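The following explanation is intended to be read alongside the sequence and the coordinates. Please keep both in view while following the text.

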Amino acid sequence: METVDSIIRCALVTGGSRGIGRAAAVALAKAGHPVMINYSGNKEAAEETAALCKESGGDDLPVFIEKADISDEESAANLVKSAEEKLGHIDILVNNAGITRDGLILNMKTEDLEAVLDTNLKGTFFCCRAASKLMMKRRFGRIINMASIVGLHGNAGQSNYSASKAAVIGLTKSLAKELASRKITSNAIAPGYIDTDMTKEINEKAVEAMMSTIPLKRAGKPEEVGALVAFLASEEAAYITGQVIGVDGGMGA
Ligand code: NAP
């Protein structure tokens with residue numbers, strides 16, 4: 001008979017090539033989870049993440065990289081299919097891929113709204129839909145969606161991005177209710193200001209202003225988010241679902 005300890009839980013991380021997604025993939029590998037790292041264009045970065053996963057999880061750990069644009073319905077479905085084929089099953093889905101197209105609403109182009117919603121919301125939805133079908137059959141699953149503090153509190157210049165992340169929170173909570181009977185949990189992480197390529201472009205003045213709102217007075221590290229991903233994916237987190245957990249140095253307190 002299969003026991004909990006003998007089950008190997010496999011993970012798909014979208015946008016796992018860089019930043020928070022990379023840290024999540026490495027933390028999952030360290031915890032012994034075979035992992036597929038998705039990326040949209042940066043193959044070299046995805047390969048680097050794969051090497052880091054092997055370093056943390058051991059040379060024998062199955063680690064794959066897969067190019068896919070999750071904002072495209074067919075491409076997202078194929079990604080999940082490929083993860084199932086290569087890993088054997090998907091037990092942990094980390095919807096991390098995300099983009100920004102910042103600007104004040106008066107100047108914001110419709111394309112900037114659409115691009116952000118397509119990747120952040122629709123891409124997350126497509127992956128959740130495809131993976132939850134597989135998880136339901138296995139009566140186990142961990143869905144972990146990367147939201148943001150601005151999805152809870154809003155941010156000037158990020159109306160499109162904030163709206164996409166607020167929607168991700170609604171999606172996460174709905175799935176928690178819909179999928180609980182099959183032992184699938186669904187949680188969102190709301191990072192604050194984390195030091196990645198995404199935040200490198202923020203100008204010095206804006207960074208200074210943001211720092212003054214962070215009680216811990218520093219940017220977060222991607223690894224500090226990755227650690228929470230690994231915990232939410234673990235057997236110990238079985239009773240946590242429908243939650244939005246901040247990793248924000250106290251910014252949202
Ligand atoms: P990042 O450094 O810009 O990395 C973004 C990742 O997403 C990359 O791996 C990129 O792949 C991938 N990606 C982008 N569009 C994609 C698409 N259409 N299909 C598949 N993959 C795609 O971002 P990050 O800062 O680590 O952010 C990760 C997540 O955390 C995002 O959802 C972001 O909104 C959220 N977040 C970040 C912060 C922060 O302060 N950094 C705060 C709150 C929330 P390539 O490498 O191939 O381009």
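The paragraphs below treat confidence, strand pairing, the nonpolar cores and several individual residues in turn.

The structure is a predicted model. Its chain averages a pLDDT of 96, and 98% of the residues score at least 70. Residues 1-5 have a pLDDT below 50, and in the model this stretch has two contacts beyond near neighbours in sequence. I8 is found in the segment before β1. Leaving aside neighbours within four places in sequence, I8 is in contact with G32, P34, H89 and D91. From I8 to E55 the C-alpha to C-alpha distance is 19 Å, with their positions 47 residues apart in sequence.

A suitable place to begin with the fold is a pair of strands. Strand β2, residues 35-39, pairs with strand β3, residues 63-67, in the parallel sense, and the pairing comprises five bridges. Within this pairing, I37 has I65 of β3 as its bridge partner. Helix α2, residues 43-57, joins with β2 and β3 to make a β-α-β unit, which is right-handed.

I37 leads onward to the interior. In soluble globular proteins, nonpolar side chains tend to be buried together. The largest nonpolar core here holds 28 residues, and the members touching the most other members are L28, V35, I37, C53, I144, I189 and V229. Two or more residues of this core come from each of β1 (11-13), α1 (19-30), β2, α2, β4 (92-95), β5 (141-146) and α9 (222-233). The greatest contribution is that of α1, which gives six residues. Another core lies apart from this one; it has 25 residues, including A83, A97, A130 and L134. As for V229 in the largest core, its contacts, excluding neighbours within four places in sequence, are A24, L28, V94, I144, M146 and I189.

Which residues surround S17, in the loop between β1 and α1? Apart from neighbours within four places in sequence, S17 is in contact with R22, I37, N38, Y39, N42, A45, A46 and T49. The C-alpha atoms of S17 and T49 are 5.8 Å apart, although these residues are 32 apart in sequence. S17 counts as buried because its relative accessibility is 6%, under the 20% cut-off.

N187 provides a second buried polar example, in strand β6, residues 184-191. Its relative accessible area is 1%, and N187 is therefore buried. The side chain of N187 reaches the backbone nitrogen of Q243 at 2.9 Å. Q243 is also among the residues in contact with N187 once neighbours within four places in sequence are set aside; the others are I143, I144, N145, T172, L232, I240, T241 and G242. One of these, I144, is listed above among the members of the largest nonpolar core that touch the most other members.

The final site is a loop residue. Q158 lies between α5 (150-153) and α6 (159-179). Is Q158 buried or exposed? With a relative accessibility of 11%, Q158 counts as buried. A polar contact of 3.2 Å links the side chain of Q158 to the side chain of D102. Not counting residues up to four places away in sequence, Q158 touches T100, D102, G103 and V150.

Definitions and conventions
Residues are numbered from 1 along each chain as its sequence is written. This is a predicted model: local features need pLDDT of at least 70, side-chain atom pairs count only at pLDDT 80 or more; totals for chains, interfaces and linings use all residues. Side-chain values use heavy atoms; hydrogens and water are left out. Two strands pair if DSSP finds at least two bridges between them. Helices (H or I, at least four residues) and strands (E, at least two) are DSSP runs, numbered from the N terminus. A crossover is right-handed if, with the strands pointing away from the viewer, the path from the first strand over the helix to the second runs clockwise. A nonpolar core is a set of buried Ala, Val, Leu, Ile, Met, Phe, Trp, Tyr and Cys residues joined through side-chain atoms within 4.5 Å. Buried means under 20% relative accessible area, exposed over 50%, partly exposed in between (1.4 Å probe, protein chains only). Contact means heavy atoms within 4.5 Å. pLDDT is the predictor's confidence in each residue, from 0 to 100. A polar contact is a pair of N or O atoms within 3.5 Å; within protein, one must be able to donate a hydrogen and the other to accept it, and residues adjacent in sequence count only if both atoms are side-chain atoms.
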